[in-house]
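This report describes selected features of a protein model. It takes up one helix and its surroundings, then the disulfides, the nonpolar cores and a sheet.

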Amino acid sequence: MKRPVLHRLLHAVLLGGALSWLHAAQAQNDARVVAGVNAYRAAPEGCPGARPAPAAALIPQAALARVRVGPGSFPEWALEQAGYHTDKAQVIFVGGAPDSEAVLDLLRKQYCRSLLDAGFSDIGVARSGNDWTIVLARPTPPLVLPDQDEAGRIILDLVNAARSQARRCGDRLFGPARPLAWNAELAQAALAHSSDMASHRQFSHRGSDGSEAAQRATRAGYRWRHIGENIAAGQTSPREAVQGWLDSPGHCANLMNPQFSEMGAGYAVSHVRVPGFPYWTQVFGTP
């Protein structure tokens, strides 16, 4: 049973109607707009329905000023194509504003909550004629993961802690199960599949060569009687990956299956289009 890919959150709002970028932007990161937004964040006032508090200054980013959003397009793709990877962003379109003061006046009146959002750290401003695009964003934080051996130990410990207690997986009730032993061959099969998913940026139990979990275990040298596999993507720690499996009835059932006696796990990080996107594989076996 496949677990949906869990992408990092990206909040994107398109405001002001259809966007048209038929001509190159005339100005990028207009210093007056950036300074005006930061002055408002430093001394906020007049934001209906909010209790404004000062927020840190936004840093202008050239990549955000390159963002082009057209009708029917997705802001997250536009940010990726501009070379900026984010876990939080908002795109604001302002049409018919002849100068920076007009843009700032509209932003303060209509989008004050967005301007004061302390979750944003960067800004990009692009202008084409009297049309302006303002992008508020926060870059994706760097991914810090333990090495493979440590990640495997954490996953094994968490799995055995879960198996030590009775647990309901969807509509199935499992009693406590004996702890699993680590198996290097299953870990090799798990790492190989995570690496395959990461290099092709695909999320599937079927490998890019058409292989399934049982074939990969055999290829790694494991002589098995029972084989099971859980996969996950996007989780930024071993604990988050295991919790995701426990929250999914099918994956939870694999994890609690008393037939399994051994386990291996491995992760790989994709740098295709989105840097720092991890893929996780957990392989269960009975020799």
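## Helix H1

The model is predicted. Helix H1 covers residues 31-42, twelve residues in total, and at 1.5 Å a residue it should span 16 Å. The C-alpha atoms at its two ends are 16 Å apart, so the expected span and the modelled one agree. At the N-terminal end, aspartate 30 acts as the cap of H1, with one of its side-chain oxygens placed 2.9 Å from the backbone nitrogen of arginine 32.

The buried residues of H1 are Val33, Val34, Gly36, Val37, Asn38, Tyr40 and Arg41. An α-helix has 3.6 residues a turn, so residues three or four places apart point the same way. The elements against which the buried residues of H1 pack are both helical and extended: helices H4 (100-110) and H5 (112-115), together with strands S2 (59-60), S4 (122-128) and S5 (131-139).

## Disulfides

Two disulfides are present in the structure. With the bonded cysteines numbered in sequence order, their pairing reads 1-2, 3-4.

One of these links is formed by cysteine 47 and cysteine 112, whose sulfur atoms are 2.1 Å apart. The torsion about this S-S bond is about 80°, so the disulfide of cysteine 47 and cysteine 112 is right-handed. Because cysteine 47 belongs to the loop between H1 and S2 while cysteine 112 belongs to helix H5, the pair ties together parts that are 65 residues apart in sequence. Both partners are buried: cysteine 47 has a relative accessible area of 6%, and cysteine 112 has one of 5%.

Cysteine 169 and cysteine 252 are also joined, with an S to S distance of 2.0 Å. Here the torsion about the S-S bond is -55°, and the link is left-handed. Cysteine 169 is found in strand S6 (residues 167-169) and cysteine 252 in helix H10, so parts 83 residues apart in sequence are tied together by this pair. Cysteine 169 is buried, at a relative accessible area of 3%; cysteine 252 is buried as well, at 0%.

## Nonpolar cores

The largest nonpolar core has 25 residues, of which Ile155, Leu180, Leu255, Met263 and Trp280 touch the most other members. Two or more residues each come from helices H6 (148-163), H9 (238-247) and H10 (249-256), and from strands S10 (262-270) and S11 (277-286). The greatest contribution, six residues, is that of H6. A second core, separate from this one, has 22 residues, including Tyr40, Ile123, Val125 and Ile134.

Methionine 263 illustrates the packing in the largest core. Beyond its neighbours within four places in sequence, methionine 263 is in contact with Ile155, Leu156, Val159, Leu180, Ala181, Trp182, Asn183, Leu186, Gln282, Val283 and Phe284.

## A four-stranded sheet

Strands of a sheet pair through backbone hydrogen bonds, either parallel or antiparallel. In this model, four strands form an open sheet in the order S8-S10-S11-S9, and the pairing is mixed. Its edges are strand S8 (181-182) and strand S9 (226-233), each of which pairs on one side only.

The pairing of S8 with S10 is parallel and extends over two bridges. Alanine 181 has glutamate 262 of S10 as its bridge partner.

Definitions and conventions
Residues are numbered from 1 along each chain as its sequence is written. This is a predicted model: local features need pLDDT of at least 70, side-chain atom pairs count only at pLDDT 80 or more; totals for chains, interfaces and linings use all residues. Side-chain values use heavy atoms; hydrogens and water are left out. A nonpolar core is a set of buried Ala, Val, Leu, Ile, Met, Phe, Trp, Tyr and Cys residues joined through side-chain atoms within 4.5 Å. Buried means under 20% relative accessible area, exposed over 50%, partly exposed in between (1.4 Å probe, protein chains only). Contact means heavy atoms within 4.5 Å. The expected span of a helix is 1.5 Å times one less than its number of residues. A polar contact is a pair of N or O atoms within 3.5 Å; within protein, one must be able to donate a hydrogen and the other to accept it, and residues adjacent in sequence count only if both atoms are side-chain atoms. A disulfide is a pair of cysteine sulfur atoms within 2.5 Å. Two strands pair if DSSP finds at least two bridges between them.
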